[in-house]
Amino acid sequence: MTTQSTGPDPDHVFPDHVPPELVRDFSYWTSPGMERTPGGDPQAALSRLLAGAPPVFYAPSATYDGRGAWVVTRAEDQRTILQNAETFSSNRFIFKAALGEDLPMIPLEIDPPDHQMYRALLNPLLSPRRVDELEARARSRAVGLIESFRDRGGCEVMNDFAFPFAVGVFLQFLGLSDDRRDEFLGWADQQFHGNLEERRGAMRTVVDFMRGLIEERKRAPTDDFVSFLLGAKVQDRALNDREVLGIAVLLFEAGLDTVAAAIGFDLNHLALHRDDQRRLREDPELIKPAVEELFRAYSTISPVRRAVRDFELGGLTIKAGDYVSCPTMLANRDPQEFPDPERIDLARESNRHTAFAYGPHRCLGSHLARRELIIGLQEFLARIPTFRIREGTAPITYGGYVFGIEDLQLAWDPDAAADPAEDAR
Ligand code: HEM
């Protein structure tokens, strides 16, 4: 590592092998549009911000702990990286870094070949058939929540709907009772939106909770998820406690904030684009393709990998030890993959978006996530009249590894016709 300067910020350092002309001052947290912004659109902001950047560039402070990373902007290059798990490891040990706890998040932080045995174990639990079994209760959860605020003339989407819905479905998936919902909601809130100390505290609480649950289920097994893991075998041996814990904690991390954020971005879009809202009301069949288009347009995650050997990509060398990040929201606006990518077309065809990433770590919960989004939009649109952003408010959007939105205040506007002038805002 040298101390070459990158221009505007003399503190930025980057490794010797990085050509200076490929260095850009970029962070998922602090670059324009990535900070907490009232009424922002971080996906569009990122696309604008990096429009003239080289296809692959080096950002000395791209990661949350200020470490540098290559940022890969094109879909094809992201595929190359994410499909090559032998070279690009996902063994990052988030918990080790954050909590000093040697706990891999399974299967996300496990590389091949071991990764495959965990995938094989977990696949049936999140298969389309399993999701079908969860559907009826998930739907009645959505209906119950929406009915609880329908007569109020408005709601704050994230706290009134998106988080309680995602947390409720997760508890159902784990086989835990709803009594714990508020407790889980509090942890999710602190973990995903608190300051650094609160985040660590909440992560610790989740780990401790799961540890306790594992002990309980060892004493008295039920038919729930943890009992399943405790009885499961990989390669003819039982999972050990560390593995059971790593899986249970990852599912909490992977399935809550992501689903809630997607619901938030989708309803924000519909509040701002009433023509799209009207189209979905008039043609509910369009909700399924619309959910895919909204996943494309508002994808939230930027997978990170660490190279374990040197690799040539488009004429440059990524060295062993380098971090590489693949913002899905940029791949999803790559004009070589999607005609007119900045246009949001709810009926877009051949929509092979990458919101769930590529390769062996492709989202295991994508069937469940999709179903939650479809149910959420179907029930919201069926029960709530035309809605808009409540006057005098603006939702706060933010960047990071998982883009998000909070304080999304909606007001019902039953008499409103779709207003093209407003849609153009
Ligand atoms: C809108 C919602 C969701 C989005 C956008 C999303 C996106 C992603 C992405 C991009 C990855 C790959 C990360 C990487 O390669 O570094 C991933 C992995 C994963 N997701 Fe999701 N996810 C969502 C919901 C869920 C849900 C509901 C669950 C389960 C309850 C889930 C479980 C997982 C698991 C287990 C992995 C790791 C897979 C592996 O390493 O093999 N996700 N997700």
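Author: Two strands count as paired if DSSP finds at least two bridges between them. Keep in mind that this is a predicted model.

Reader: Okay, so how do S13 and S14 pair, and over how many bridges?

Author: Strand S13, residues 396-398, pairs with S14 in the antiparallel sense, over three bridges.

Reader: And which residue in S14 does Tyr398 stand opposite?

Author: That's Gly404.

Reader: What's the strand order in that sheet, and is the sheet open or closed?

Author: It's an open sheet of three strands, ordered S1-S13-S14, with antiparallel pairing. Strand S1 (37-38) and strand S14 (404-406) are the edges; each has a single partner strand, so one side of each has no neighbour in the sheet.

Reader: Switching to the ligand. Which residues come nearest?

Author: There are 24 residues around the ligand, and His115, Arg119, Arg305, His361 and Cys363 come nearest.

Reader: What distances do you get from ligand oxygen to the side chains of His115 and His361?

Author: For His115, a side-chain N or O atom is 2.7 Å from an oxygen atom of the ligand. For His361 the corresponding distance is 2.6 Å.

Reader: What about the backbone of Leu108, how far is that from a ligand oxygen?

Author: A backbone N or O atom of Leu108 sits 3.3 Å from an oxygen atom of the ligand.

Reader: Which elements give two or more residues to the shell?

Author: Helix H4 (114-122), helix H10 (241-255) and helix H11 (257-272). H10 has the largest share, with four residues.

Reader: And how does the shell split by class?

Author: Around the ligand you get 17 nonpolar, five polar and two charged residues.

Methods
Residues numbered from 1 in each chain as written. Predicted model: local features only at pLDDT ≥ 70, side-chain atom pairs only at ≥ 80, totals over all residues. Heavy atoms only, no water. Near = heavy atom within 4 Å. Polar contact = N/O pair within 3.5 Å; in protein donor to acceptor, adjacent residues only side chain to side chain. Nonpolar A, V, L, I, M, F, W, Y, C, P; charged D, E, K, R; others polar.
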